[in-house]
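Reader: I'd love a close look at one part of this model, the place where the ligand sits. Could you walk me through it in plain words?

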Amino acid sequence: MVLENLGRSLDNAIRRIRRLPKVDKDAINALIQDLQRALLSADVKVELVFEMTENIKKNATDTELRKAKRKDFIIKLVHDELINTLGGKPAPIRIKTGKKNVILLVGIQGSGKTTTVAKLAHFYKSKGFKVAALTTDTWRPGAYEQLQQLTKQVGVDCFGDPSEKNALKIAVKQTKQAMAKGYDLLIVDTAGRHKKETELMDEMKKIEKVLKPNEVILVLDGTLGQQAYSQAEEFSKSTNLGSIIVTKLDGTAKGGGALSACAATNVPIRFIGVGEKTEDLQSFNPSSFIGTLLGVPDIEGLVQKVQDAEAMPDPEAVKRMMQGKFTLDDLYTQLKSIKKVGKFQQIISMMGGGNIPDALKDDAEKNLEKWEVVLNSLTQLEKENPKIIKKSRKRRIAIGSGTDYTTINRMLDQYNQMKKMMKQFMQLRKKGKGMPGMPGMNKNAMNFMNKLGKDFKF
Ligand SMILES: Nc1nc2c(ncn2[C@@H]2O[C@H](COP(=O)(O)OP(=O)(O)O)[C@@H](O)[C@H]2O)c(=O)[nH]1
Ligand SMILES: [Mg+2]
């Protein structure tokens, strides 16, 4: 397993908390200490460790009792914080077969750039790209031969000019040549060492400018400790980094440096290198990676479970709605909760998913403030029986709330749409017809509704 030590200690920490009969303040403090110890010994930057664990502690202790199981909730907190640090899931790389694509690799000497060029060439070739590699490294003796040898193993053509000392000239000229030959993906290797670091950064900046790559990838040595942070920071200042590849994660005890580097650049990891061979490259999925580290194989399932539990609508509100007592106040409360946990969406999808009027979703946030003012100008009778709001009442409300007819009409329209939808749902349910035309009504939602029906006798 990659990062075995970190994984083992995180796994132990999580196991400990799972074994406890109840998660109290002491348990949370103990977990925080365990996490700190684990992350620090994996060489995650100290400040970062404290920031991460502080966030976890705050969320674990501050929030009122959760609907989800507290242990699951806390595991999810740890997961979320780690994911956040790792920069999340990378967006798909923006390259397309048939177009002229360039990927530029940067990183210091020895980080594994040249090897990674060959690994990427192999990977994208298998995806149907016509791949070529190019080296602009004029510093490492034999850089061209090294790349040539590696790319030969994967059957990919190699460009470069060992006699030219100007990296920028090589970049421009060789790219032109390669593109003229009909390749649609050029993976560009760069130098990793210079007399002065500023010169290296300058060279990268210029190469990026002339090649306009689809993505600049920082190659980072996973065995690096805390200096990974400043290294990544330097590169992200001079180039427009799109993602990171962490190499040598096979058999390193550390690897926390890579976590720190992601935090420094705010850039996600795209692949990890797990060996010297050209096939030793793995796509990186932060969630499952962290699940493995935490010893929770189905971490995505757990996260989903917590999210679902958190998003469960307030049964009282659902009951009122089911009895047709859906008031303007309810509409407002539900819209307000969209911002928080998507409760409203949850209710909607339980009631028929696809039927939610888009305008309602789109406008909800924008309208909330306005609606609040309008609602404050309504009498209780009007809130409970919005149909009595006719012209003269509208005039009074508009003046009282300082809004216009359009706002009031829109709010009433949306209220009516919702109410209609619920009525339809109730009729279908009474007829026992299941949910034709209600794509969002899945089995879980159906069970939930049936349970509610029993509990509340509707
Ligand atoms: N174990 C292991 N070694 C690697 C990995 N990636 C690169 N290396 C080795 O790291 C050394 C430096 O790699 P190289 O590609 O020349 O780095 P560059 O200076 O950045 O171009 C070589 O010995 C590679 O075989 C990896 O993922 N795992
Ligand atoms: Mg190299």
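How many helices and strands does the protein have? And which residues come nearest to ligand 1?

Author: Happy to! A word on the ground rules: this is a predicted model, in which local features need pLDDT of at least 70 and side-chain atom pairs count only at pLDDT 80 or more, while totals for chains, interfaces and linings use all residues. Residues are numbered from 1 along each chain as its sequence is written, chains are lettered from A and ligands numbered from 1 in the order in which they are written, and side-chain values use heavy atoms, with hydrogens and water left out.

The protein has 20 helices and 8 strands; these are DSSP runs numbered from the N terminus, helices being H or I runs of at least four residues and strands E runs of at least two. Of its 458 residues, 52% are buried, a term for under 20% relative accessible area, with over 50% called exposed and anything in between partly exposed (1.4 Å probe, protein chains only).

Now to the ligand. Around ligand 1 there are 17 residues, and Gly110, Lys113, Thr114, Thr115 and Asp250 come nearest; a residue is near when one of its heavy atoms lies within 4 Å. This shell is made up of 10 polar, 5 charged and 2 nonpolar residues. Here Ala, Val, Leu, Ile, Met, Phe, Trp, Tyr, Cys and Pro count as nonpolar, Asp, Glu, Lys and Arg as charged, and the others, Gly among them, as polar.

Oxygen atoms of ligand 1 have polar partners in the protein. A side-chain N or O atom of Thr115 is 2.5 Å from one ligand oxygen, and backbone N or O atoms of Gly273 and Gly275 lie 3.3 Å and 3.1 Å from an oxygen atom of ligand 1. Ligand 1 taken alone exposes 580 Å², and the protein buries 81% of that; such areas come from the Shrake-Rupley method with a 1.4 Å probe, and for residues only the protein chains shown count as cover.

Helix α5 (residues 113–126) gives the largest share of the shell, 4 residues. At 1.5 Å a residue, its 14 residues should span 20 Å, and the end C-alpha atoms are indeed 20 Å apart; the expected span is 1.5 Å times one less than the number of residues. The buried residues of α5 include Lys113 and Thr114, as well as Ala118 and Lys119. Just after this helix, Gly128 takes a positive phi of about 100°.

Ala118 and Lys119 lead us on to Thr278, which is found in the loop between β7 (269–273) and β8 (281–283). Leaving aside neighbours within four places in sequence, Thr278 is in contact (heavy atoms within 4.5 Å) with Ala118, Lys119, His122, Leu150, Gln153 and Val154. Thr278 counts as buried because its relative accessibility is 8%. Its side chain also makes a polar contact with the side chain of Glu279, at 3.4 Å. A polar contact is a pair of N or O atoms within 3.5 Å; within protein, one must be able to donate a hydrogen and the other to accept it, and residues adjacent in sequence count only if both atoms are side-chain atoms.

One last stop is Lys248, in the loop between β6 (241–247) and α10 (256–265). Lys248 has a positive phi near 60° without being a glycine, and at 33% relative accessibility it counts as partly exposed.
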